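Here is a short tour to follow with the viewer open. Select each stop as it comes up, and take a moment to look around before moving on.

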Amino acid sequence: MSWFRKKSRKIEVVPQDERHVRTEGIFVKCPTCEAALFRRDLEESFQVCTHCGHHFRLDARTRLAMLYDEGIYEELDAEVISTDPLDFVDTKPYRERLEQARKSSGLPEAIINARGRIGGHLVLAGAMDFNFLGGSMGSAVGEKVTRLIERAISERAAVITIAASGGARMQEGILSLMQMAKISAALARLDEERLPFISILTDPTTGGVTASFAMLGDVIIAEPRALIGFAGPRVIEQTIRQKLPKDFQRAEFLLEHGMVDAVVDRREMRAFIIRLLAFMMNPAITSAERTAEQKRHASLLQATD
């Protein structure tokens, strides 16, 4: 009896488009410790490596869902999008870059505005997304952040921004740089109204965003190892012709030198912000201020009559 028999049928060839490994996409390699991470475990840990604590970059909508109660929020100002005021062209027209960014990221703009509750407190938040042209700040981004602040003033709400940006958008020239002053002026009004502004800095936060609203928070929080600065380390070294300190422009370095108030793990961020809001948005104080404001308004009306 023969142990081996030649089969008449040949082995069927699998089509190229059907050739894939069954485990493809199930594991993710950590760029810091090179550990193989089970994707589901990574999602449950808010995209933080369970071995070394490396923080993967997140999209804007995921960040908002992580902060708001039960992940529920109302998206605002989705109709505010960038145009091409300068008819800018480099290797391709700016209009084409915008269209491509919208298709690849699934976002209308580099920032998403939202309204909802965090720990029961009314919060208006804006989350930037690095996937949309490097999270660059153009006229639309500046307008959306300004609207967020103005709406918070009218609704007596707290403001939170989550920065992830390469800076001002060069394709809009001076118009993008003007957004720095525009947002800063709106934040001055928010401060006069004694409403809190919490700024969260993620990797990376650079350029005109750092030079404006990102560093103007009443409380400035950074994620671990986030790159935060104005110009890049290489540009600075070439300019001053000196070797920069180790971990220069990293979140921990800025904390040591008083540039940020806290470095908080993403898994603890929501609880940390709720504690801040409980202190900064004390209902008794807010109610007392509103009552005092109403009395002042009534006295002014009487004086006018």
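Start with helix H4, residues 139–155, and pick out Glu 143 and Arg 147, which both lie in this helix, four residues apart, about one turn of the helix. Keep in mind as you go that this is a predicted model. Show the two side chains: Glu 143 and Arg 147 form a salt bridge, with 2.8 Å between the closest N and O atoms. Glu 143 is partly exposed, its relative accessible area being 24%, and Arg 147 is partly exposed too, at 28%.

**Across the sequence: Asp 203 and Arg 250**

Now select Asp 203 and Arg 250, whose side chains meet in a salt bridge at 3.7 Å, N to O. Which parts of the chain does this pair tie together? Asp 203 belongs to strand S7 (residues 197–205), while Arg 250 sits in the loop between helix H7 (233–240) and helix H8 (251–256), so the bridge ties together parts that are 47 residues apart in sequence. Asp 203 has a relative accessible area of 25% and is partly exposed; Arg 250 is partly exposed as well, with a relative accessible area of 25%.

**A buried pair: Glu 223 and Arg 266**

Next, go to Glu 223 and Arg 266, where the side chains meet in a salt bridge of 3.0 Å, N to O. This pair also links distant parts of the chain: Glu 223 is in the loop between strand S8 (219–222) and H7, and Arg 266 is in helix H9 (residues 266–280), 43 residues apart. Are these two residues buried or exposed? Both Glu 223 and Arg 266 are buried.

For the charged residues as a group, select Asp 77, Glu 79, Glu 143, Arg 147, Arg 151 and Lys 182 together: salt bridges that share partners join them into one network. You will recognise Glu 143 and Arg 147 from the helix H4 stop. Over the whole structure, a search finds 21 salt bridges.

**Rings**

Turn to the aromatic side chains, where the count comes to three aromatic pairs. One to display is Phe 248 with Phe 253: the ring centres are 5.6 Å apart and the planes stand at 70°, so the pair is edge-to-face. Phe 248 counts as partly exposed at 24% relative accessibility, whereas Phe 253, at 17%, counts as buried; the cut-off for buried is under 20%. Then select Arg 57 and Phe 130: the charged end of Arg 57 sits over the ring of Phe 130, 4.7 Å from its centre.

**Into the core**

Which residues touch the most other members of the largest nonpolar core? Select Ile 160, Leu 190, Leu 201 and Ile 273, which hold that place among its 64 residues. Centre the view on Ile 273 and, leaving aside neighbours within four places in sequence, add its contacts: Leu 67, Ile 118, Ile 160, Ile 198, Ile 200 and Ile 221. A second, separate core has seven residues, among them Val 28, Cys 30, Leu 37 and Cys 49.

**Zooming out**

Finally, show the whole chain as a cartoon and look for its 10 helices and nine strands. Of its 305 residues, 41% are buried. Among contacts with a separation of 6 or more, 67% are between residues 24 or more positions apart. Switch on the surface to finish: the accessible area of the chain is about 17,900 Å², with 54% belonging to carbon and sulfur atoms.

Notes: Residues numbered from 1 in each chain as written. Predicted model: local features only at pLDDT ≥ 70, side-chain atom pairs only at ≥ 80, totals over all residues. Heavy atoms only, no water. Phe/Tyr/Trp six-rings, centres within 6.5 Å; stacked < 30°, edge-to-face > 60°. Buried < 20%, exposed > 50% of the residue type's maximum accessible area, 1.4 Å probe, protein only. Lys NZ or Arg CZ within 6 Å of the ring centre and 35° of its normal. Salt bridge = Lys/Arg side-chain N within 4 Å of Asp/Glu carboxyl O. Helix = DSSP H or I, 4+ residues; strand = E, 2+ residues; numbered from the N terminus. Core = buried A, V, L, I, M, F, W, Y, C linked by side-chain atoms within 4.5 Å. Contact = heavy atoms within 4.5 Å. Areas by Shrake-Rupley, 256 points an atom, 1.4 Å probe, with all protein chains shown as cover.
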